[in-house]
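Biologist: I would like a close look at one part of this model, set against the chain as a whole. Please take me through the packing there with some care.

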Amino acid sequence: MKKKENENSETIIGYSAFRLFDECYEYIENACYIADSPESLKKFLGRAMFAVEDYRIDAVKLSYIIGDYGCSLGEFALEPKALKQIQQTTDCAYSVKTYDHLFNKGEPDLFVVNLDKKITVSQVDKETKVSEILNSFKLYDGIYKREQIDVAIELKEEIIPYLIEILPKGLSNPKEYIENENLYDHIYALMLLGHLRESRAHEVIVDLFSLPDDLPHDLFGDLSTNDLPTLLLRTCGGSIERIRSLALNAAADDYCRIAALQAMAFAVINGIASREEVLGV
């Protein structure tokens with residue numbers, strides 16, 4: 001029996017996309033995306049904001065999913081054949097619902113699976129853990145804080161308010177961050193809030209990238225161009241009005257305005273806004 005369980009754990013459920021630039025898995029909302037095949041995954045990535053070449057395609061085994069692959073807290077967006085593999089190979093308790101999105105045109109070609117898992121960090125003093133994570137983010141030491149980021153995602157409800165508090169510091173005193181290149185908590189805060197699709201951070205994010213001249217680039221480097229469209233869209237909460245205000249802001253940096261326009265275009269592609277709404281007609 002144990003041999004059979006071990007064999008099942010090594011079964012390939014599907015395929016995922018890992019973006020190499022910022023070491024991030026591709027998600028549908030908060031669910032890690034698992035495709036039926038590399039070909040169907042590439043088709044899905046054709047609707048993403050980055051080129052297919054920007055991703056690494058990985059085979060996903062059942063053991064990975066049980067171990068919370070992609071740090072999505074047991075929630076996965078599965079194509080039909082990947083879902084069938086889950087149903088045939090695991091005895092874990094889980095729920096399944098059809099992913100309802102305008103982009104799918106009502107067709108049941110994607111399913112959201114939630115595994116019945118308990119988060120191990122629930123036994124830890126959460127406030128202490130949050131404090132340790134925030135301290136590790138503050139100063140750049142040349143090491144990417146992958147472990148701390150994973151725990152921060154698990155403790156998202158506790159840490160989000162603290163992350164939001166970091167960003168206004170860059171807005172009120174950008175000189176402090178620009179002159180001290182080792183200060184790095186605003187970078188981690190920005191990327192985590194975007195990853196977690198935190199709409200409460202949208203206002204201050206738009207304000208930061210509306211700063212004049214080269215200030216956004218001085219504060220955030222290439223994030224002000226490469227990642228800004230994604231960050232704006234993920235935090236907008238379904239409204240593009242503040243994104244539009246950045247695009248129309250003649251005092252803002254041109255690259256940030258272009259990023260805002262790209263975010264609005266992606267909003268149309270993803271069904272968040274209509275073409276007429278974006279064009280203002």
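Among contacts in the chain between residues at least 6 apart in sequence, what percentage join residues at least 24 apart? After that, please concentrate on helix 9 (residues 185-195).

Modeller: This is a predicted model, in which local features need pLDDT of at least 70 and side-chain atom pairs count only at pLDDT 80 or more, while totals for chains, interfaces and linings use all residues. Residues are numbered from 1 along each chain as its sequence is written, and side-chain values use heavy atoms, with hydrogens and water left out.

The figure is 70%: that share of the contacts between residues at least 6 apart in sequence joins residues at least 24 apart, where contact means heavy atoms within 4.5 Å. The chain has 15 helices and eight strands, taken as DSSP runs numbered from the N terminus (helices H or I, at least four residues; strands E, at least two). Of its 281 residues, 45% count as buried, a class set at under 20% relative accessible area, with exposed at over 50% and partly exposed in between (1.4 Å probe, protein chains only).

A word on confidence comes before the detail. The chain averages a pLDDT (the predictor's confidence in each residue, from 0 to 100) of 83, and 88% of the residues score at least 70. Confidence in the chain is lowest in helix 1 (residues 2-9), with a mean of 48, and highest in helix 10 (residues 202-208), with 96. The pLDDT stays under 50 over residues 102-108, for which the model has 11 contacts beyond four places in sequence; over residues 118-124 it is likewise below 50, and that stretch has eight contacts beyond near neighbours in sequence. Where pLDDT is low, the predicted coordinates should not be read in detail.

Now to helix 9 and its partners. The axes of helix 9 and helix 12 (residues 228-235) come within 8 Å and cross at roughly 55°; axes here are lines fitted to C-alpha atoms, for helices over the stretch in contact, and angles run from 0 to 180 degrees between N-to-C directions. That makes helix 9 oblique to helix 12, given that angles under 35 degrees count as roughly parallel, over 145 as roughly antiparallel, 65 to 115 as roughly perpendicular and the rest as oblique. The crossing of these two helices is left-handed, a term used if the near helix is turned anticlockwise from the far one by less than a right angle, with clockwise giving right-handed. Helix 9 makes this contact through Leu-190, Met-191, Leu-193, Gly-194 and His-195, and helix 12 through Leu-231, Arg-234 and Thr-235. By class, the residues of that contact are four nonpolar, three polar and one charged, where Ala, Val, Leu, Ile, Met, Phe, Trp, Tyr, Cys and Pro count as nonpolar, Asp, Glu, Lys and Arg as charged, and the others, Gly among them, as polar.

Helix 12 also holds Leu-233, which is buried, with a relative accessible area of 7%. Not counting residues up to four places away in sequence, Leu-233 touches Met-49, Ile-243, Ala-263, Phe-266, Ala-267, Asn-270 and Ile-272. Of these partners, Ala-267 is 34 residues from Leu-233 in sequence and 6.8 Å away in space, C-alpha to C-alpha.

Helix 9 also packs with helix 7 (156-172). Their axes come within 9 Å and cross at roughly 125°, and the two helices are therefore oblique to each other, in a left-handed crossing. In helix 7, Ile-160, Leu-163, Ile-164, Ile-166 and Leu-167 meet Asp-185, His-186, Ala-189, Leu-190, Leu-192 and Leu-193 of helix 9; nine of the residues in this contact are nonpolar, one is polar and one is charged.

Helix 9 is, in addition, among the elements that cover the buried residues of helix 6, together with helix 5 (126-138) and helix 7. Those buried residues of helix 6 (residues 146-154) are Ile-149, Val-151, Ala-152 and Ile-153.

Beyond helix 9, in the loop between it and helix 10, lies Arg-197, whose phi is near 55°, a positive value in a residue other than glycine. Arg-197 is partly exposed, with a relative accessible area of 30%.
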